[in-house]
Each structure stands twice: as C-alpha cells, then as structure tokens.
Amino acid sequence: MRQKAYAQAMRVIACALMAWQVWTMWYIASHEAVGVKWSCDLAGGCASDQLASVSAMLGIAFAVFLGLLSARYLHRAAPGAMIALSAVASVAGWYDALAEGQVERTTVTSFHVLLPLGDFAVSQWLTFTWSVAGVGCLAAWWGAAVSLRRTAGLRRLSRRYRTADAVLEGWQSVGRKSGEVTVVFDDEDGVRHEVPAVVDRVALRRDVLAVYDADRPGDPALTRVAVPHRKLLRLT
C-alpha cells in the first residue's frame, strides 16, 4: 500500500513538472517570437540557435508525454486539456510581450510550430490562439463527459455504491455501438447476481466492473457497468 501511494505521489509530481515544461516552452514560443533571427543558406535552408525557434516543437513533445502521463487522471479529457494548456501558455506569452513593449498589436511576426505558420499581426495570433484554447476546452469537457459515463465515475464516488468484477454474457444489439447484456457479479457478501444492462460495444473487449447499490445489489435500475480506463504508463 505504501509503495502504491509513493508511486502515485511520484506520478503527480512528474505531471506537475511536465505541465510546467509545457507551459514554459509555449510561453517562450510566443513571447520571444518577434526576436528570433534566422540564418539561411543558398539552398534555402534556415536555422537558428535561439530556443524560441524550437520551443513550440519541444512544447508539442512535452504535451504528448504529459497527456500520456496524466491520462490516468484525465482519461479522455487529456488531449483537449493539453491543447488548451499549450494555447493558454502561448496567449500569456503574447500578452506579456505586449505589456513589456516588445511588440504592439499591429506588429507582424511569424510563429514557428513545426514550420513557420506565416506572418500575421499579434492581434491575429491572439485571436487564433484563443480560438485553439476554446476548442481544447470543448474537447476536454466532451472527453470528461464520455469518461465519466463509461467509468461510472460520479456514481463510484458515492458511499452508497460498491464495485465488483463482472462478466458480460449475451449480446443483443440495440444500436450501432450499444447492446443489451447480462451482467454477472458477486456482491460483497458473496451472493451472485445476474442483472440486465445496456453497455457500449467496447465493454465486450475489456475487463469491466459492476457498480451496484449496497442495499439493492440486484436492482437493474441501480446497477451500472463501468469500463475502467486502460493504464498507458505504469510507475509501479
């Protein structure tokens, strides 16, 4: 138990440090964008030894790693959250550059991600990054809603409900992605129950849990099937 708690603490610390790295890289990418100097050769290749020229690319790499690391907690909200974090960090960099007098809203500059995205005014970059942040937030909310439904997250937080390993038997399609099954599980007293339920097709290929009412474990109206999130990275 102590080892598991230690592993969880290390994961949380790692997520916090990686989030700081993502924020820093995207902040630098926008804050220092106007000052990036490029050296180009006759063959058309350009390079720069300034961190701001590659910070967005590093920010993408760090965001991907953070998404995998934090998926245990954020589930399907992780991709949207990474997009929103990166975009907001860029917005902060633009606003600080404005406040420090490095640029004005009409200043035209390029913004390098994997490749230069073109020359636009700072006000246009702000509009673009705010839009990306909004899309990221919407994607995160949608992902969170899907994950909460599939994992029965809110129900499992209640002391009224218990969980048990379950087996799904039978399948009768009621739609493109869902069907009726019989959920077989043993409650905390060792009593076996067979309860009808409607589940997503993906549950047939995964280990599942029965989330049931402790006082009425055989009630179909109070029983849900939870599909636990797969662990992408393990720290144990």
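Which aromatic cluster do Trp 94, Phe 128 and others form one part of, and what are the residues in it? The cluster consists of Trp 94, Phe 120, Trp 125 and Phe 128. Keep in mind as you look around that this is a predicted model. Across the chain, pLDDT averages 85, and 88% of the residues reach at least 70. Confidence peaks in helix 3, with a mean of 95, and bottoms out in strand 2 (residues 46–47), at 61. Where pLDDT is low, the coordinates are not something to read in detail.

Back to the aromatics. The count of aromatic pairs comes to four. Take Trp 94 and Trp 125: their ring centres sit 6.4 Å apart and the planes meet at 5°, so this pair is stacked. Trp 94 belongs to helix 3 (residues 78–99) and Trp 125 to helix 4 (residues 122–151), so the contact ties together parts that are 31 residues apart in sequence. Are these two tryptophans, Trp 94 and Trp 125, buried or exposed? Trp 94 is buried, and Trp 125 is too.

Now move along to the strands, where Phe 185 and Tyr 212 make another aromatic pair, also stacked, at 5.2 Å centre to centre with 25° between the planes. Phe 185 comes from strand 6 (residues 178–186) and Tyr 212 from strand 8 (residues 208–213), so to speak a link between distant parts of the chain, 27 residues apart. Phe 185 and Tyr 212 are both buried.

Strand 6 is worth following a bit further. On one side of the story is strand 5 (residues 161–173), which runs antiparallel to strand 6 and is joined to it by six bridges. The Phe 185 we just met stands opposite Ala 166 in this pairing. Strand 5 and strand 6 make a hairpin, with four residues between them.

Strand 6 also pairs with strand 7 (residues 192–200), again in the antiparallel sense, over nine bridges. Two places to look are Thr 182, whose bridge partner in strand 7 is Pro 196, and Val 183, which stands opposite Val 195. As a general point, side chains in a regular strand alternate between the two faces of the sheet. Strand 6 and strand 7 form a hairpin as well, this one with five residues between the strands, and Gly 190 in that hairpin takes a positive phi near 85°.

Finally, go back to the start of the chain and helix 1 (residues 2–31). How does its span compare with what 30 residues should give? At 1.5 Å a residue the helix should span 44 Å, and its end C-alpha atoms are 43 Å apart, which agrees. Its buried residues include Ala 7, Arg 11, Cys 15, Met 18, Val 22 and Trp 26, and the list runs on to Ser 30 and His 31.

Cys 15 deserves a second look: its relative accessibility is 11%, and buried means under 20%, so it counts as buried. Cys 137, by contrast, has a relative accessible area of 38% and is partly exposed. As for disulfides, the count comes to zero.

Notes:
Residues are numbered from 1 along each chain as its sequence is written. This is a predicted model: local features need pLDDT of at least 70, side-chain atom pairs count only at pLDDT 80 or more; totals for chains, interfaces and linings use all residues. Side-chain values use heavy atoms; hydrogens and water are left out. Rings of Phe, Tyr and Trp (its six-membered ring) pair if their centres lie within 6.5 Å; planes under 30 degrees apart count as stacked, over 60 as edge-to-face and the rest as tilted. Buried means under 20% relative accessible area, exposed over 50%, partly exposed in between (1.4 Å probe, protein chains only). pLDDT is the predictor's confidence in each residue, from 0 to 100. Two strands pair if DSSP finds at least two bridges between them. The expected span of a helix is 1.5 Å times one less than its number of residues. A disulfide is a pair of cysteine sulfur atoms within 2.5 Å.
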